[in-house]
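Work through the exercises below with the structure in view, and try each task before reading its solution.

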Amino acid sequence: MLDVVQIPVLNDNYVYLLGHEGTKTCAVVDPAVAEPVLAAAKERGWRITHILNTHWHGDHTGGNEAIKQATGCTIIGPRAEQAKIPAIDTAVGEGDVVTLPGGDFAHVLDVPGHTAGHIAYHFETQGLLFCGDTLFAMGCGRLFEGTAEQMWVSLHKLAHLPDNTEVYCAHEYTEANGRFALTVDPGNDMLVDRMDEVHRNRAQGFPTVPFLLGVDKATNPFLTAGTVEEFARRRAAKDVFKG
Ligand code: ZN
Ligand code: FE
């Protein structure tokens with residue numbers, strides 16, 4: 001049984017604690033910073049045993065060293081980026097399984113595109129996906145190191161997971177993503193309804209993450225693109241979109 005705690009940090013990042021009450025332990029996904037993460041674990045009486053990094057960017061690994069120093073935890077990150085992951089202990093890639101002290105486990109998926117070695121962690125039993133900066137609510141990560149083709153394949157790998165998968169991405173970009181999505185697909189009733197709900201939630205300061213993969217498959221313009229060329233055009237248009 002995993003208890004997910006969402007910690008908003010910096011401008012729009014989400015760090016996650018994956019807690020296990022039975023063992024009073026937790027793992028941290030993408031710690032941008034250390035202090036609020038250490039505080040949240042302490043508040044719940046959980047010992048941090050692992051950090052799971054999805055990619056090397058500083059807003060996902062900035063807390064690695066301080067958290068490891070404070071807790072002695074094991075840092076797991078993408079094999080293809082291990083030289084860039086601060087204090088990494090264990091490098092993983094597609095097909096590997098990461099098992100936490102309480103017995104909960106995640107399959108590792110290679111999802112390059114935003115960065116060259118980006119990975120995602122899929123807790124199949126619980127239906128939870130931690131996908132860093134690959135898939136966002138109604139959006140996807142910018143192509144900093146990968147090609148449109150790579151990102152297209154990565155997104156479709158994620159889209160093949162069950163529709164009831166809860167997607168925990170690393171940023172609250174939903175409102176801006178949705179504004180772009182509406183320019184692409186203004187006649188999509190599900191998208192219009194979703195954005196109404198997003199505006200209501202954001203106006204009250206509530207997160208819009210996690211979200212259901214099935215809902216995103218019907219409303220995310222990067223998942224509804226029919227071809228890789230269409231995907232690439234939409235990604236390029238989003239890069240310069242001033243919503
Ligand atoms: Zn990033
Ligand atoms: Fe990021």
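The exercises that follow concern a predicted model, and they go from the whole chain to single residues.

**Exercise 1. The chain as a whole**

Determine whether the radius of gyration of the chain agrees with that of a compact globule.

Solution. Begin with the inventory: the chain has nine helices and 14 strands, and its C-alpha trace spans about 50 × 40 × 30 Å along the principal axes. Next, take the length of 243 residues, for which a compact globule would have a radius of gyration near 18 Å; the chain has 17 Å, and the two therefore agree. Then turn to burial, where a residue counts as buried if its relative accessible area is under 20%; buried residues make up 51% of the 243 residues. Finally, consider the contacts with a separation of 6 or more, of which 59% are between residues 24 or more positions apart.

**Exercise 2. The zinc ion**

Find which residues coordinate the zinc ion (ligand 1), and work out why their arrangement is irregular.

Solution. The first step is to list the donors, which are His55 (NE2), His57 (ND1), His114 (NE2) and Asp133 (OD), at 2.2 to 2.3 Å. The second step is to place these donors along the chain, where they follow the spacing H-x1-H-x56-H-x18-D. Two of them join distant parts of the chain, since His114 lies in the loop between β8 (105–110) and β9 (119–123) while Asp133 lies in the loop between β10 and β11, 19 residues apart. The third step concerns the angles: the four donor atoms around the zinc ion (ligand 1) subtend 88 to 173°, and the arrangement is therefore irregular. For a tetrahedral site, all angles would have to lie between 85 and 135 degrees. As a last step, look at accessibility: His114 has a relative accessible area of 4%, so His114 is buried.

**Exercise 3. The iron ion and the bridge**

Find which residues coordinate the iron ion (ligand 2), and which residue bridges the two metal ions.

Solution. Start again from the donors: Asp59 (OD), His60 (NE2), Asp133 (OD) and His171 (NE2) coordinate the iron ion (ligand 2) at 2.1 to 2.3 Å. Their spacing along the chain reads D-H-x72-D-x37-H, and the angles among the four donor atoms, 83 to 170°, belong to an irregular site. Now look for the bridge, which is Asp133, joining the iron ion (ligand 2) to the zinc ion (ligand 1) at a separation of 3.2 Å between the ions. Here too distant parts of the chain are linked, because Asp59 is in helix α2 (residues 58–61) and Asp133 is in the loop between β10 (128–132) and β11 (135–136), 74 residues apart. To finish, note that Asp133 has 4% relative accessibility and so counts as buried.

**Exercise 4. One face of a helix**

Explain why the buried residues of helix α9 line one face of the helix.

Solution. First check the length: the 12 residues of α9 (residues 228–239) should span 16 Å at 1.5 Å a residue, and the end C-alpha atoms are 16 Å apart, which agrees. Next, identify the buried residues, which are Val228, Phe231, Arg234, Arg235 and Lys238. Seen down the axis, these buried residues of α9 fall within an arc of 120°, and they therefore line one face. A general rule helps here: an α-helix has 3.6 residues a turn, so residues three or four places apart point the same way. Finally, ask what this face meets: the buried residues of α9 pack against β12 (139–140), α4 (148–159), α5 (174–184) and α8 (221–224).

**Exercise 5. Backbone exceptions**

Decide whether Leu10 is buried or exposed, and do likewise for Met138.

Solution. Recall first that most residues other than glycine have a negative phi, and most peptide bonds are trans. Leu10, in the loop between β1 (3–9) and β2 (13–20), has a positive phi of about 50° although it is not a glycine; at 56% relative accessibility, Leu10 counts as exposed. Met138, in the loop between β11 and β12, likewise has a positive phi, of about 60°, but Met138 is buried, with a relative accessible area of 0%. One further exception is the peptide bond from Val209 to Pro210, which is cis, with omega near 5°; Pro210 is found in the loop between α6 and β14 (211–212).

Key: Residues are numbered from 1 along each chain as its sequence is written. Chains are lettered from A and ligands numbered from 1 in the order in which they are written. This is a predicted model: local features need pLDDT of at least 70, side-chain atom pairs count only at pLDDT 80 or more; totals for chains, interfaces and linings use all residues. Side-chain values use heavy atoms; hydrogens and water are left out. Donors are N, O and S atoms within 2.8 Å of the metal (3.2 Å for Na, K and Ca); water is not among the atoms, so sites may look incomplete. Four donors count as tetrahedral if all angles lie between 85 and 135 degrees; four count as square planar and six as octahedral if opposite donors are over 155 degrees apart and all others between 65 and 115; anything else is irregular. Helices (H or I, at least four residues) and strands (E, at least two) are DSSP runs, numbered from the N terminus. Buried means under 20% relative accessible area, exposed over 50%, partly exposed in between (1.4 Å probe, protein chains only). The expected span of a helix is 1.5 Å times one less than its number of residues. The arc is that of the directions from the helix axis to the C-beta atoms. Contact means heavy atoms within 4.5 Å. The radius of gyration is taken over C-alpha atoms; the globule rule is 2.2 Å times the number of residues to the power 0.38.
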